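Have the model open in your viewer with selection by residue number enabled. The tour below goes from one selection to the next and says what is there.

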Amino acid sequence: MTVPLSLRTGFLQDMLDRAQNPSDGELASIIEKARKKKGLALADVARLVHVGDPELTGRLFRAAAEVKQEIYGRRLVLFAPLYVSDHCVNECCYCNFRAANSGLERRRLTLAEVEKETRYLIAQGHKRILLEAGEDPSRNTIDYIVSAIKRIYSVRTPKGNIRRVNVNIAATTPGNYRKLKEAGIGTYQLFQETYHRPTYESLHTGPKADYERQLGAPGRAFEGGIDDVGLGVLFGLYDWRFEVLALAAHARNLEAVRNVGPHTISVPRLREAPSVSYKPAHPVSDADFLKLIAILRLAMPYAGIILSTRESPEIRSRAFDIGVSQASAGSVPVTGGYCSGARQPQFDIHDARPLREVVRAAAESDLIPSFCTACYRSGRTGERFMELSKPGHIHKFCDLNAALTFAEYLSDFGDAGLRRKGRELIRRCVGGIENLALREEAGRRLAQIARGRRDLYF
Ligand code: SAM
Ligand code: SF4
């Protein structure tokens with residue numbers, strides 16, 4: 001691919017440098033503009049990342065919380081990663097799965113093992129999985145990945161089944177993306193790691209070292225028929241201000257070329273990992289990390305922001321208020337790690353609470369844990385999703401579906417205390433629906449769930 005001008009490292013760096021030292025008045029008016037939930041121009045993002053004044057930073061957080069609340073309400077979508085293989089031919093200097101790590105006993109799960117891990121996750125209450133694998137063209141073939149996805153979907157248990165598999169695997173070809181699409185995946189996620197080309201090229205060797213292959217992957221996924229793609233940056237590799245501007249530029253480019261912005265944006269922050277001696281060249285403090293989440297929320301109001309268990313429960317809880325709409329929970333970033341004993345993880349996690357604890361903490365903060373998978377199963381993907389989400393119309397579906405899936409969780413996995421708290425939250429959520437017919441229909445469906453019906457959605 002030719003790198004579009006707006007994504008070239010020099011262009012972005014110039015824009016950032018020129019936007020240094022914005023006046024307080026300029027920043028205040030950018031934050032005010034962002035409250036309209038229409039996103040921000042790149043030039044505004046370039047200025048906003050320089051916000052430092054505590055009063056303006058407070059305003060930034062309040063605006064992000066308001067936009068988050070208006071677009072996503074009080075719901076939080078939960079999922080778990082499932083690592084199927086840690087074989088990898090790449091040398092990403094920050095990752096424990098990198099090829100040169102001879103201390104790692106590598107594994108590619110058999111389909112029976114994939115099924116076992118899936119059963120474990122279903123038994124915890126999960127409905128959404130993010131499938132993860134290293135890059136190894138001879139072992140982790142697309143046919144293997146497709147078989148694993150099919151196996152995950154095939155597992156049925158009295159406590160339910162996995163209803164959406166998202167995928168985070170190496171950049172590949174349109175033909176291979178088509179196979180993923182045909183296997184019924186939800187979102188294809190790929191992190192650029194860093195948009196700063198010289199940094200990217202210095203930290204990777206192997207096929208992934210090809211910056212343009214990585215950058216062009218979302219476009220090739222679209223060519224293969226996948227219309228929900230997820231972007232991401234591994235924060236700590238380069239200046240977070242540059243990366244936030246680049247993420248916004250990438251989103252604008254996809255909107256312009258594909259008519260569909262990113263479905264999600266992931267914000268992994270570099271963690272320690274066994275065998276990894278690389279130290280973040282641009283460590284991101286907690287304060288800056290929260291700031292960058294708030295800026296992404298304002299710049300791309302319609303995109304889901306995903307936070308993983310790389311972060312502590314405290315940071316996660318604050319991030320849920322100001323922008324994050326999806327989170328992994330109860331994760332074990334180890335191949336086969338849910339069912340087999342201690343093995344080396346890809347990186348160390350910071351929130352090791354099981355799903356039920358994350359659900360309880362969310363409910364105690366008045367957040368509705370959501371296991372919703374309705375959109376892609378109702379064909380609300382790509383352009384159709386954007387048509388609904390940009391003007392904020394997706395809201396009414398999401399609230400109701402969050403309530404329905406949380407009601408299922410409470411019936412199947414909740415204890416008495418959580419049920420009491422959860423049902424009160426659900427009552428408030430449904431009670432807040434203005435449309436009377438919809439409110440009544442939600443009530444009918446909740447009653448059906450209480451009688452044992454499952455998988456009802458709007
Ligand atoms: N192997 C594929 C790839 O690299 O694109 C699939 C994703 S990999 C299993 C998931 C992500 O983990 C990587 O994209 C990278 O951003 C992240 N990661 C790797 N090492 C990490 C570390 N030490 N701390 C935090 N995240 C890390
Ligand atoms: Fe392999 Fe992905 Fe780890 Fe890089 S980040 S070494 S590609 S598993």
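**Stop 1: T335**

Select T335, which is placed in the loop between strand 10 and helix 14 (355–364). The model on screen is a predicted one. T335 has a relative accessible area of 0%, so it is buried. Now add V114 to the selection and draw a C-alpha to C-alpha distance. V114 and T335 are 221 residues apart in sequence, and the distance in space is 9.7 Å.

**Stop 2: S328**

Go next to strand 10 itself, residues 326–328, where S328 is found. Is S328 buried or exposed? Its relative accessibility is 3%, and the cut-off for buried is under 20%, so S328 counts as buried. Show the side chain of S328 and the backbone of T309. A polar atom of the S328 side chain lies 3.3 Å from the backbone nitrogen of T309.

**Stop 3: ligand 1**

Select ligand 1 and display the residues around it. How many residues surround ligand 1? There are 18, and the closest are Y94, E193, K208, R271 and R310. Colour this shell by residue class: 9 are nonpolar, 3 polar and 6 charged.

Three contacts can be drawn one after another:

- From E193, an N or O atom of the side chain is 2.6 Å from an oxygen atom of ligand 1.
- From A133, a backbone N or O atom lies 3.0 Å from a nitrogen atom of ligand 1.
- From Q346, a polar side-chain atom is 3.4 Å from an oxygen atom of ligand 1.

On its own, ligand 1 has 560 Å² of accessible area, and the protein covers 96% of this. If you hide the ligand and run a cavity search on the protein, the space taken by ligand 1 is the largest cavity.

**Stop 4: E193**

Keep E193 from the previous selection and look at its backbone. E193 belongs to the loop between strand 5 (188–189) and helix 8 (197–203). What is the phi of E193? It is positive, about 70 degrees, although E193 is not a glycine. Most residues other than glycine have a negative phi. E193 has a relative accessible area of 8%, so it counts as buried.

**Stop 5: ligand 2**

Move to ligand 2. Which residues surround ligand 2? Select C88, N90, C92, C95, F97, R98, G134, K208 and Q346. By class, this shell holds 4 nonpolar, 3 polar and 2 charged residues. The space taken by ligand 2 is likewise the largest cavity.

Two names in this selection have come up before. K208 is among the closest residues to ligand 1 and is also in the shell of ligand 2. Q346 has a polar side-chain atom 3.4 Å from an oxygen atom of ligand 1, and Q346 is one of the residues around ligand 2 as well.

**Stop 6: V276 and S275**

Leave Q346 displayed and add V276. The C-alpha atoms of Q346 and V276 are separated by 9.9 Å, with their positions 70 residues apart along the chain. V276 is in the loop between strand 8 (264–266) and helix 12 (286–299). At a relative accessible area of 15%, V276 is buried.

Now select S275, which also lies in the loop between strand 8 and helix 12. S275 is not a glycine, yet its phi is positive, at about 70 degrees. S275 has 40% relative accessibility and therefore counts as partly exposed, whereas V276 is buried.

**Stop 7: V167 and T173**

Select strand 4, residues 164–168, and pick out V167 within it. V167 has 0% relative accessibility, so it counts as buried. Add E132: the two C-alpha atoms are 6.4 Å apart in space, and the residues are 35 apart in sequence.

Then follow the chain to T173, in the loop between strand 4 and helix 7 (174–182). Is T173 buried or partly exposed? At 40% relative accessibility, T173 counts as partly exposed. Its C-alpha atom is 7.9 Å from that of A217, a residue 44 positions away in sequence.

**Stop 8: D44**

Finish in helix 3, residues 42–48, with D44 selected. D44 is buried because its relative accessible area is 5%. Which side chain does the side chain of D44 contact? Show R47: the two side chains make a polar contact at 3.1 Å.

Technical notes:
Residues numbered from 1 in each chain as written. Chains lettered and ligands numbered in written order. Predicted model: local features only at pLDDT ≥ 70, side-chain atom pairs only at ≥ 80, totals over all residues. Heavy atoms only, no water. Near = heavy atom within 4 Å. Polar contact = N/O pair within 3.5 Å; in protein donor to acceptor, adjacent residues only side chain to side chain. Areas by Shrake-Rupley, 256 points an atom, 1.4 Å probe, with all protein chains shown as cover. 1 Å grid on protein atoms, 1.4 Å probe; cavity = no way out; pocket = protein on both sides within 12 Å on 5 of 7 lines; lining within 4 Å. Sits in = over half its atoms within 2 Å of the grid points. Nonpolar A, V, L, I, M, F, W, Y, C, P; charged D, E, K, R; others polar. Helix = DSSP H or I, 4+ residues; strand = E, 2+ residues; numbered from the N terminus. Buried < 20%, exposed > 50% of the residue type's maximum accessible area, 1.4 Å probe, protein only.
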